[in-house]
Protein chains: 2
Amino acid sequence: MADALFEKVAFIGIGLIGSSMARRMMADGLVSEIVACARSEETRSKALELSIASQAFEDPAVAVEHADLVVIATPIGSYGAIAQAIAPALKPGAIVTDVGSVKQAVVDAVTPHLGEQNPFVPGHPIAGTEDSGPESGFPELFDGRWTILTPTDETDTDAVEKVKALWQAMGAMADTMTPSHHDMVLAITSHLPHLIAYTIVGTATDLEDDLRQEVVKYSASGFRDFTRIAASDPVMWRDIFLNNRDATLETLQRFSEDLTALQRAIRRGEGDALEDLFARTRKIRRGIIDAKQAD
Amino acid sequence: MADALFEKVAFIGIGLIGSSMARRMMADGLVSEIVACARSEETRSKALELSIASQAFEDPAVAVEHADLVVIATPIGSYGAIAQAIAPALKPGAIVTDVGSVKQAVVDAVTPHLGEQNPFVPGHPIAGTEDSGPESGFPELFDGRWTILTPTDETDTDAVEKVKALWQAMGAMADTMTPSHHDMVLAITSHLPHLIAYTIVGTATDLEDDLRQEVVKYSASGFRDFTRIAASDPVMWRDIFLNNRDATLETLQRFSEDLTALQRAIRRGEGDALEDLFARTRKIRRGIIDAKQAD
């Protein structure tokens, strides 16, 4: 068992990601004490019941007392208020990090509230499932997955290294890039796919009753995968789109142009153009398998 | 072991679906003899090497001699030529069926060539993976999945029952509907999702080199699922879109309208509209799980 990397860790939000981190930290002895903060009484009870945290609080300012590391793991829209609430209660030197899927907006929301003694290390584990809540977490979630840290020029480098070491100890590979570059990459790999999956499943829910029932019944590969993606947490995804608006809309614009071109090829019966595209896309799958992010 | 339902079965095309059927038929003794027809020498050798067929032919007319059941399992664009080639060689009473993902175009392509003594029972197993070729098949592929048969008013009902019994013996649940209704349902559950997955992966392949490499490296849930869908057989999918043009374009039109509405909601920062849609789509996933087509 490794030496503890942090003494006391406070999770603000203890859903899929937070509870998976907590489970792994505990299983591998990476920290000495874990407390959690959650708005709902139900989540707090569950966290205690599952022994994910030794104490659970409603007030984030109380939760962060004496913590060496604070992990913000709530929907992104709540970050500003949380940072404001915890700032006066933070121990000098305590590191604040997060797991949000958008990074520039998060940096803008959090850093103005924190004093110089409390570095903010923005982070994003590229891992997850469509489930949510503390009961859905599991300690192996980050094994072999990337976590992207997006420090700015002002971020304390020792703090970045500590957070990086923690992710590596939890099984992840860690990399750093600028917040805005992260947001562009993720707009393509995650935000646009979710937006499209939500749209197509939404299109299906608007069908006449009979047809919708058949769509569910004969749900083939394709639609079935989209429904899994579109079953992700609604509030979390609302906040992602609202906070990565520009990159999402830019990516969506490119996608729409390409879709229009494909639509025209189908309408005109241009078989060669279709086959050519479909053969090209097959290759990128091979690249992902080679990068060990799929099998 | 069940009594054989057919004496001799000829597969025209022996890829993922054909070879899975052949493997199951043999494993469960559902037929006495299996022969295959494939255009490429490589596929024929592989079919023999894998013992999926006792004989393999290049000429479909030779392959269907003395067969009681002929299964067309090639890309849809080849159906007309195949029907024309095999019609004179078919044994009186031999049933012709298929496994294509579009049904009205298939009925139109095949039936004009067949005589009254050879009923055509159009079929479509809603099962598959993104892999192709005879080596990718496996006997359990159809277990618990639906196969949709689309007989017309002229189709011999005994022939329909025999093909239905075969699918049930191969582990599938069988249902019937009209060809055009099938094509509308599948346009939503399968053809549109594939079209969109191909588009978004195509959009990513057109990115600048550096960004594309990062997209592959940090491929998150979402994009990763899309690349799996977009790794499906290019020729098969080209033919599906060309042969289900109207239903695909109509569905695409609905989708595009919904996507535009969502785009506007993001641009305007309408969080409530986003959250409302995302909560609705979550429910349809529950319906699919309840229908036992996902877990």
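Start in chain B of this predicted model by selecting residues 6-12 and 31-37. These are strands β1 and β2 of chain B, which run parallel and are joined by six bridges. For one pair to click on, take B:Ile12: its bridge partner in β2(B) is B:Cys37.

Now widen the selection to the sheet around them. Six strands of chain B make an open sheet with parallel pairing, and if you walk across it you meet β3, β2, β1, β4, β5 and β6 in that order. Where does the sheet end? Its edge strands are β3 (55-57) and β6 (120-121) of chain B, each of which pairs on one side only.

Stay at the β6 side and add residues 157-169 of chain B. This is helix α6, which lies across β5 (95-98) and β6 of chain B and runs at about 55° to β5(B).

**Over to chain A: a second sheet**

Hop to chain A and pick out β7, β8 and β9. These three strands form an open sheet in that order, and the pairing is mixed. β7 (123-125) and β9 (173-176) of chain A stand at the edges with a single partner strand each, so each has one side without a neighbour in the sheet. Look along the sheet and you'll see some turning: neighbouring strands are turned by 20° against each other on average, direction ignored.

Zoom in on β7(A) and β8(A), which pair in the antiparallel sense over three bridges. Which residue of β8(A) stands opposite A:His124? It is A:Ile148. Then show residues 157-169 of chain A: this is helix α6, and it packs on the sheet, touching β7, β8 and β9 of chain A. The direction of α6 in chain A makes about 170° with that of β8(A).

**Between the chains**

Next, show both chains and color the residues where they meet. Chain A puts 76 residues into the contact, and chain B puts in 76 residues. On the chain A side, the elements that each supply at least two residues are β8 (146-149), α7 (179-205), α8 (209-217), α9 (223-229), α10 (234-243), α11 and α12 (271-290). Which of them gives the most? That's α7(A), with 18 residues. If you color this side of chain A by residue class, you get 43 nonpolar, 19 polar and 14 charged residues.

Try superposing the copies. A turn of 180° and a shift of 0.0 Å along the axis lay chain A on chain B with an RMSD of 0.0 Å. The two copies are thus related as by a two-fold rotation axis. To find that axis in chain A, select A:Asp225, whose C-alpha is the nearest to it at 3.6 Å. The same surface serves both copies, and 100% of the contact residues of chain A recur in chain B.

**Helix against helix**

Select α11 in both chains, residues 245-267 in chain A and 245-268 in chain B. The axes of these helices come within 11 Å and cross at roughly 165°. That makes α11(A) roughly antiparallel to α11(B), and their crossing is left-handed. Turn on side chains for A:Arg245, A:Thr248, A:Leu249, A:Leu252, A:Gln263, A:Ile266 and A:Arg267, which meet B:Arg245, B:Thr248, B:Leu249, B:Leu252, B:Gln263, B:Ile266 and B:Arg267. By class, this contact has six nonpolar, four polar and four charged residues.

Now go to α7(A) and α8 (residues 209-217) of chain B. Their axes are 10 Å apart and the helices pack at an angle of about 50°, which makes α7(A) oblique to α8(B). The crossing here is right-handed. Show A:Val185, A:Ile188 and A:Thr189 from α7(A), together with B:Leu211, B:Glu214 and B:Val215 from α8(B), to see what makes the contact. Four of these residues are nonpolar, one is polar and one is charged.

For the last stop, select α8(A) and α7 (residues 179-205) of chain B. Again you'll find an angle of about 50° and axes 10 Å apart, so α8(A) is oblique to α7(B). The crossing of α8(A) and α7(B) is right-handed. What makes the contact between them? From α8(A) come A:Leu211, A:Glu214 and A:Val215, and from α7(B) come B:Val185, B:Ile188 and B:Thr189.

Methods
Residues numbered from 1 in each chain as written. Chains lettered and ligands numbered in written order. Predicted model: local features only at pLDDT ≥ 70, side-chain atom pairs only at ≥ 80, totals over all residues. Axes fitted to C-alpha atoms, helices over the stretch in contact; angles between N-to-C directions. Helix = DSSP H or I, 4+ residues; strand = E, 2+ residues; numbered from the N terminus. Parallel < 35°, antiparallel > 145°, perpendicular 65-115°, else oblique. Left-handed = near helix turned anticlockwise from the far one by under 90°. Contact = placed C-beta atoms within 7 Å. Nonpolar A, V, L, I, M, F, W, Y, C, P; charged D, E, K, R; others polar. Least-squares fit on C-alpha atoms with pLDDT ≥ 70 in both. Pairing = 2+ DSSP bridges.
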